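Open the model in your viewer and keep the selection tool at hand. The tour goes from one selection to the next.

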Amino acid sequence: MSDTEAVIEVDDLRDALGWRTVVAAYLSMPFDVSRPRSLISPEHAARVADEVRGLPSKFRTFRVSAAGSDSDDMLRWRAAIADATGLVDDENDAELLIRLRKAEGGGWEVLLRLTPRPLATRPWRTERYEGGLNATIAAAVVRATHPSPHDRFVDLMCGSGTLIIERLAVGRPALCVGYDISTDAIAITKTHLRNAAIRGAKVELHNADVLAAEGRFDKLVVNLPWGTSVGSHAENETLYPGALAAGARLAAPDATFCVLTHEIRVFEAALAAQREWSLVDEHRIFQKGHWPRLYVLRP
Ligand SMILES: C[S@@+](CC[C@H](N)C(=O)[O-])C[C@H]1O[C@@H](n2cnc3c(N)ncnc32)[C@H](O)[C@@H]1O
């Protein structure tokens, strides 16, 4: 098991559908067999079919992800699964993802993804925004702020609104504000907020440079431009110190400021050069080949 995985026992699989900080949830089925070929038996295929019927989502198609999924043995196993479940084997656009891998303690493990799309794919996200944050990571950033109903919450650079929507999803703060210098970003955030339709949610959005923003907030978040697809490394040399100073100007005395970035050297240099914020926690995050970091700061 990799260090980005966790095994959790649940009474009801539907509970897993609400896990906001989980990228994807699978039902794990261990099989005491030494080779995948042994899984082809009708008895094993029937066991998989039973579990598929008990999943909280209904599926019409499946695909198998396994080493050698086009080998003769795998093709026979896929045919056995199609027979037993009545689902269509569709490599291109399948709803049910079935993974097969060696189990840690010996034998083999079949993993059935509980949902047609990963949990990280939120239904409200209809618009593409360059640099839009993965919603699972956004939920983890929000969690690091220790949300409370009294929060005056601000996202200094809200982009497509991911952090704002993930904040609202765990309860309404007293005040919820988003800044972004891009007109497109604000329009997309509005669309996503409408899609998310979170009851009673009121959000103030400012299409403005946050470096000139005013206000008083207890919980501040920002997903800074990484200088790759959004912004540039050169601009970040001045933007990062500016964002820290803007955060300090907007912060209440006991505020928490959560900063996510991939531009580690530039951010750490900016942090070292100022006196308003102290680092209280730091997390490395794995995002498909990138290792952004979350910095938790206090005044
Ligand atoms: C990495 S993106 C944020 C993505 C966002 N978390 C999301 O999920 O879509 C960084 C954002 O910072 C905004 N930005 C850059 N400089 C800014 C400034 N001075 N004031 C406000 N927003 C700024 C950009 O327009 C961009 O939308």
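**Starting at a strand pair**

Select β11 together with strand β12, residues 293-298: the two pair in the antiparallel sense over 6 bridges. Keep in mind that this is a predicted model. Within the pair, pick Ser 278 and look across to Arg 298 in β12, which stands opposite.

**The whole sheet**

Now extend the selection to the other strands of this sheet. In what order do the 7 strands lie? The order is β8-β7-β6-β9-β10-β12-β11, in an open sheet with mixed pairing. Go to the edges, where you find β8 (204-207) and β11 (278-284). Each of these has a single partner strand, so one side of each is left without a neighbour in the sheet. Look along the sheet to see the twist, which averages 15° from one strand to the next.

**Two helices on the sheet**

Add helix α6, residues 233-250, which packs on the sheet. Helix α6 touches β9 (217-223), β10 (251-261) and β12, and its direction makes about 155° with that of β10. Next select helix α7, residues 264-272. Which strands does α7 lie across? They are β10, β11 and β12, and α7 runs at about 10° to β12.

**The largest nonpolar core**

Leave the sheet and select Trp 77, Leu 96, Ile 98, Leu 100, Val 110 and Leu 112. These are the residues with the most contacts inside the largest nonpolar core, which has 29 residues. Colour the elements that each supply at least two residues of this core: β1 (26-31), α1 (42-53), β2 (61-65), α2 (72-85), β4 (96-102) and β5 (108-113). Of these, α2 gives the most to the core, with 4 residues.

Zoom in on Leu 100 and show what surrounds this residue. Leaving aside residues up to four places away in sequence, Leu 100 touches Pro 36, Leu 39, Ser 65, Ala 66, Met 74, Trp 77, Trp 108, Glu 109 and Val 110. Apart from this core lies another, of 27 residues; Phe 217, Val 222, Leu 244 and Ala 251 are among them.

**A helix pair**

For the last stop, show α1 and α2 alone. How far apart are their axes? The axes are 9 Å apart, and the helices pack at an angle of about 50°. That angle makes α1 oblique to α2. Their crossing is right-handed. To see where they meet, select Ala 45, Ala 46, Val 48, Ala 49, Val 52 and Arg 53 in α1, then Ala 80, Ile 81, Ala 84 and Thr 85 in α2.

Key:
Residues numbered from 1 in each chain as written. Predicted model: local features only at pLDDT ≥ 70, side-chain atom pairs only at ≥ 80, totals over all residues. Heavy atoms only, no water. Core = buried A, V, L, I, M, F, W, Y, C linked by side-chain atoms within 4.5 Å. Buried < 20%, exposed > 50% of the residue type's maximum accessible area, 1.4 Å probe, protein only. Contact = heavy atoms within 4.5 Å. Pairing = 2+ DSSP bridges. Axes fitted to C-alpha atoms, helices over the stretch in contact; angles between N-to-C directions. Parallel < 35°, antiparallel > 145°, perpendicular 65-115°, else oblique. Left-handed = near helix turned anticlockwise from the far one by under 90°.
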